[in-house]
Amino acid sequence: MTKFVRVIDTMRCMGCRSCVAACAVENNFTPEAPWNVMVEYETGAYPNTGRVFATLNCMHCENPPCKTACDAAGFKAISKNEFGVVLIDYEKCSGCRYCVATCPYGVPQHNERVAGLYPGAKEATPYEAIATEKRHPTHRKLPNVVEKCTFCWHKLEPAIAAGNLQAIGKDPRHTPTCDLVCPVGARIFGDLDDPNSEVSRVIARKKAAPIKREFGTKPQVYYVLEGGDN
Amino acid sequence: MKRLITLLAIAALAVPALATGPFNAALDETAEQIRSGALDVGKKYSMDFSDRFHTIHTKALGMGCVACHATQSYSPDHLYLRAAEFPQRGHPGPVPRADCIGCHQQQGSATPWYGMVRK
């Protein structure tokens, strides 16, 4: 089997937000409903202080509470596929925000409007002007629905369809954009079930672990944290 | 009027139940009544205050606003909330999801959102 996971090394991240910007351009999220955000906080006490940066996007949990909530409400708009990617079907989403309420990571974002990349711009960029029906389903934006990170499923899907799984995480065409642009190599994406993949090796070597494990959602995004995996 | 009295009666049962811990018979019974439809909490799934979610937590269970919207102090996980949640528009403050675990875990009284199992 193949299970896609991401590792974010907070010891390397310098908070440049390239991944946030790349996600905004790739997925055209609105500022009010970001798919990827940078969290930063200070540690220590003067004069021995530090600053920690970490980006948060969807954890693509093994037991996604957002899906449980959506199913319980009867909409069944959220699915988790065999590769571990949690996706929202905008056509089925009612905008009830139960998923927003249940996610311990604050990931699902209720998007009230469909907006362009550049606020106030008179004309859409050619990228934005692509007809809705020609876009990948994860990019067919609708107002009043919930959106979130898809692990750039629109880039993974073609590789899977072509049976080219080994390209995922290596070929820029088949790797989530946020992971591509990191200038310090703090983000790695790949197959956890392959013991020789870079993500598997980094998770083992650096003792990366998911955050908020107490919720039992079994997140598929691992963090390398200062002081170990707790 | 009859519905209001029913809700008040259930709330009267539920409040002491919450005060003594989430895992007791009164709370389980209220949750079962909600699930079975015996207790009318509305059918509209939405976060709006008049809809099902808040009706369950406030009217049926008798929880006060500050039980969830503790705006005066933030838990450590506030760092992981979206900027828009400080405070979330139309809401009196962010909700630490850790408060939900008690009921919303496996084998808990409410719909189990979270994977941890009650021991």
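This report walks through a predicted model, looking at a sheet, a helix, a buried residue and some salt bridges.

## A sheet of three strands

A good place to start is an open sheet in chain A, where three strands follow the order S8-S1-S9 with mixed pairing. Strands S8 (187–191) and S9 of chain A are at the edges and have a single partner strand each, so one side of each has no neighbour in the sheet. On average, neighbouring strands here are turned by 20° against each other, direction ignored.

What does "mixed" look like in practice? In general, strands of a sheet pair through backbone hydrogen bonds, in either a parallel or an antiparallel way. S1(A) and S8(A) run antiparallel and are joined by five bridges; as an example, A:Val7 has A:Ile188 in S8(A) as its bridge partner. Strand S1 (residues 4–9) of chain A and S9(A), by contrast, run parallel, with four bridges between them. Here you can find A:Ile8 opposite A:Tyr223 in S9(A).

## What covers the sheet

As a rule, side chains in a regular strand alternate between the two faces of the sheet. Look at strand S9 (residues 221–224) of chain A: A:Val221 and A:Tyr223 are on one side, A:Tyr222 and A:Val224 are on the other, and all of them are buried. Both faces of this strand are therefore covered.

Now turn back to the pairing of S1(A) and S8(A), with its five bridges. Helix H6 (residues 198–206) of chain A packs on the sheet and touches S1, S8 and S9 of chain A. The direction of H6 makes about 120° with that of S8(A).

## A helix with a buried face

Which residues of helix H2 (residues 65–73) of chain A are buried? They are A:Pro65, A:Cys66, A:Ala69, A:Cys70 and A:Ala73. Viewed down the axis of H2(A), these buried residues fall within an arc of 135°, so they line one face of the helix. Just after H2(A) comes A:Gly74, which has a positive phi, near 95°.

## A closer look at Val145

A:Val145 belongs to strand S7 (residues 145–147) of chain A. Is this residue buried or exposed? With a relative accessible area of 2%, A:Val145 is under the 20% cut-off and therefore counts as buried.

Leaving out residues up to four places away in sequence, A:Val145 touches A:Tyr90, A:Cys93, A:Gly95, A:Gln109, A:His110 and A:Asn111. A:Val145 and A:Asp89 are 56 residues apart in sequence, yet their C-alpha atoms are 9.3 Å apart in space.

## Salt bridges

How many salt bridges does a search of the whole structure find? There are 14 over all chains. In one of them, the side chains of A:Arg51 and A:Glu40 meet at 2.7 Å, N to O. A:Arg51 is in strand S3 (residues 48–56) of chain A and A:Glu40 in strand S2 (residues 37–45) of chain A, so this pair ties together parts that are eleven residues apart in sequence. A:Arg51 is partly exposed at 42% relative accessibility, and A:Glu40 is partly exposed at 28%. A:Arg51 also meets A:Glu42 in a salt bridge (2.9 Å, N to O), and A:Glu42 counts as exposed at 60%.

Another salt bridge links A:Asp171 and A:Arg173, with their closest N and O atoms 2.8 Å apart. A:Asp171 is buried at 16% relative accessible area, whereas A:Arg173 is exposed at 61%. Elsewhere, salt bridges with shared partners join A:Arg17, A:Glu40, A:Glu42 and A:Arg51 into one network.

Note on methods. Residues are numbered from 1 along each chain as its sequence is written. Chains are lettered from A and ligands numbered from 1 in the order in which they are written. This is a predicted model: local features need pLDDT of at least 70, side-chain atom pairs count only at pLDDT 80 or more; totals for chains, interfaces and linings use all residues. Side-chain values use heavy atoms; hydrogens and water are left out. Buried means under 20% relative accessible area, exposed over 50%, partly exposed in between (1.4 Å probe, protein chains only). Helices (H or I, at least four residues) and strands (E, at least two) are DSSP runs, numbered from the N terminus. The arc is that of the directions from the helix axis to the C-beta atoms. Two strands pair if DSSP finds at least two bridges between them. Contact means heavy atoms within 4.5 Å. A salt bridge is a side-chain nitrogen of Lys or Arg within 4 Å of a carboxyl oxygen of Asp or Glu. Axes are lines fitted to C-alpha atoms, for helices over the stretch in contact, and angles run from 0 to 180 degrees between N-to-C directions.
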